[in-house]
Amino acid sequence: KHRGSDIRYYLEFNKATQEYSKLNNDKKFPELQRPAINAVEATEIVVAVSTTAIINETNTKQFKLPVFSLSLAEPKDNAVFSKRQLDAYINETITFISEVCKKNSQVKRVHLLLATQACFAYAFGKSLVLMQNRVPQIVSYHFTAPSYKVGITINGSSAGQIEKVKEVENG
């Protein structure tokens, strides 16, 4: 049994009401839009996931790498309101990363940028433990306006390693 696997529900903080609430079990929710999977000549890529705010080119330019963005049509606070929705978005994100890397077998590292709720980050990390053989090394970053300053490797032999961010170029 993996640590954290016994989580039965997630609480999210609503800034507007200043209250916590459980994710519900709604089956209807907006679809996470994904781009076409193009061939790239890079050993590293950026995957940006936007549910609460858009991660745009200004936010990703410091990486100087190919960027693949998954996003809701209208990102907003508390956009993830359902456990089924959370599970669907996590599966979609991991499947997408896996498919990009299958089409681009030279990709060995994914720089993950999240503009999402805490439940997404936690559930993604938890799910990655079970599916880490499907994806390359993933480094998740913390955004401090106007850029990403620090990241942490979340899988593989370097899991837990903190990385100070410099401009990242494919090489």
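Here is a short exchange about a predicted model of one protein.

Residues are numbered from 1 along each chain as its sequence is written. Local features need pLDDT of at least 70, side-chain atom pairs need pLDDT 80 or more, totals for chains, interfaces and linings use all residues, and side-chain values use heavy atoms, without hydrogens or water.

Biologist: In what pattern do helices and strands follow along the sequence?

Modeller: Helices are DSSP runs of H or I with at least four residues, and strands are runs of E with at least two, numbered from the N terminus. The protein has three helices and eight strands. Read along the sequence, the pattern is β-β-β-α-β-α-β-α-β-β-β.

Biologist: Why does the radius of gyration agree with a compact globule?

Modeller: The radius is taken over C-alpha atoms, and the globule rule is 2.2 Å times the number of residues to the power 0.38. For 171 residues, the rule gives a value near 16 Å, so it agrees with the protein's own radius of 16 Å.

Biologist: Which element gives the most to the largest nonpolar core?

Modeller: A nonpolar core joins buried Ala, Val, Leu, Ile, Met, Phe, Trp, Tyr and Cys residues through side-chain atoms within 4.5 Å; buried means under 20% relative accessible area, with a 1.4 Å probe and protein chains only. The largest has 33 residues, and I45 and F124 are among those touching the most other members. Elements giving two or more residues include β3 (44-50) and α3 (118-131). The top contributor, with eight residues, is α2.

Biologist: How many residues are in the other core, apart from that one?

Modeller: Its members include A48, I55, V139 and Y141. This core lies apart from the largest one, and its residues number eleven.

Key. Buried < 20%, exposed > 50% of the residue type's maximum accessible area, 1.4 Å probe, protein only.
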